[in-house]
Amino acid sequence: MATRSGSPDPTDRTRLSPTELDAYDHIPRHLAKRVRIWSIPALPGPFTGMTMGRHIVLGHPVDRTGGSTLLAHELVHVRQWAELGAVGFGLRYLGSFAGGVRRHHRWMSAYRDIPAEREARSEAARWKRRHLGHHERPGT
Ligand SMILES: [Zn+2]
């Protein structure tokens, strides 16, 4: 949603709040500011979140105070998209997924084996370790 005045709407839940922008410091802030978050309560199968470019689609409500490991994970994908471009990201992602399906004969293992997913998991885990216990920092 946007307001006619063009000024940021503090109730606009599709954008990361200032608190979240401070919290998710594992991706460049200019990227985090452009992110839009959508809620679609019917993502297929085991998926809880999905990222396309700067759009993050969530299958269920998450913490919106800067403490969501799922958002931290999806934000890594936003950075990957920004670095590789949609075509680069898509080709690399699908290519490694197809290779993984051939190796594993199971698409879920193949999915977990995709380098972009490995990177997102480990960066989100590192973010969580660094972030745990001080996620309610006073404003900077
Ligand atoms: Zn992922």
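On one side of helix 5, the residues P115, R118, S122, R126, R129 and R130 are exposed. Exposed here means that 12 or fewer other C-beta atoms lie within 10 Å of a residue's own; 20 or more make it buried, anything in between makes it partly exposed, and the C-beta atoms are placed from the backbone. Helices are DSSP runs of H or I with at least four residues, strands are runs of E with at least two, and both are numbered from the N terminus. Before going on, keep in mind that this is a predicted model, where local features need pLDDT of at least 70, side-chain atom pairs count only at pLDDT 80 or more, and totals for chains, interfaces and linings use all residues. Residues are numbered from 1 along each chain as its sequence is written.

Back to helix 5. Its buried residues are E117, A120, A124 and W127. Looking down the axis of the helix, these buried residues fall within an arc of 95 degrees, so they line one face of it. (The arc is that of the directions from the helix axis to the C-beta atoms.) Why does that sort of pattern come up? An α-helix has 3.6 residues a turn, so residues three or four places apart point the same way. The cover over the buried residues of helix 5 includes helix 3 and helix 4 (107-113). As for length, the 17 residues of helix 5 should span 24 Å at 1.5 Å a residue, and the end C-alpha atoms are indeed 24 Å apart, which agrees; the expected span is 1.5 Å times one less than the number of residues.

Now step back to the whole chain. It has 5 helices and 3 strands, and from the N terminus on they run α-α-β-β-β-α-α-α. Of its 140 residues, 19% count as buried. Take the contacts between residues at least 6 apart in sequence: 46% of them join residues at least 24 apart. A contact means that two C-beta atoms, placed from the backbone, lie within 7 Å.

The three strands make an open sheet in the order 1-3-2, with mixed pairing. Two strands pair if DSSP finds at least two bridges between them. The edges are strand 1 (36-39) and strand 2, each pairing on one side only. On average, neighbouring strands of this sheet are turned by 20 degrees against each other, direction ignored.

Let's go through the pairs. Strand 1 and strand 3 run parallel and share 4 bridges; R36, for one, has H55 in strand 3 as its bridge partner. Strand 2 (residues 49-52) and strand 3 pair in the antiparallel sense, also over 4 bridges. Here G49 is bridged to L58 of strand 3, T51 has I56 of strand 3 as its partner, and M52 stands opposite H55 in strand 3. The hairpin of strand 2 and strand 3 has 2 residues between the strands, and in it G53 takes a positive phi near 65 degrees.

Strand 3 has two faces worth telling apart: I56 and L58 are on the covered one, while H55 and V57 are on the uncovered one. In a regular strand the side chains alternate between the two faces of the sheet.

What about the core? The largest nonpolar core has 17 residues, of which Y24, V35, A72 and L75 touch the most other members. Such a core is a set of buried Ala, Val, Leu, Ile, Met, Phe, Trp, Tyr and Cys residues joined through C-beta atoms within 7 Å. Strand 3 (55-58), helix 3 (69-104) and helix 5 (115-131) each supply at least two residues of this core, and the largest share, 6 residues, comes from helix 3. Leaving aside neighbours within four places in sequence, A72 is in contact with Y24, H26, A124, W127 and K128. In soluble globular proteins, nonpolar side chains tend to be buried together.

Two last stops lie elsewhere. In the loop between helix 3 and helix 4 you will find H105, whose phi is near 60 degrees, a positive value in a residue other than glycine. With 9 C-beta neighbours inside 10 Å, H105 counts as exposed. K33, in helix 2 (residues 29-34), is partly exposed, with 13 other C-beta atoms within 10 Å. The C-alpha atoms of K33 and R15 are separated by 7.3 Å, and the two residues are 18 apart along the chain.

Note on methods
Arc of directions from axis to C-beta. Axes fitted to C-alpha atoms, helices over the stretch in contact; angles between N-to-C directions.
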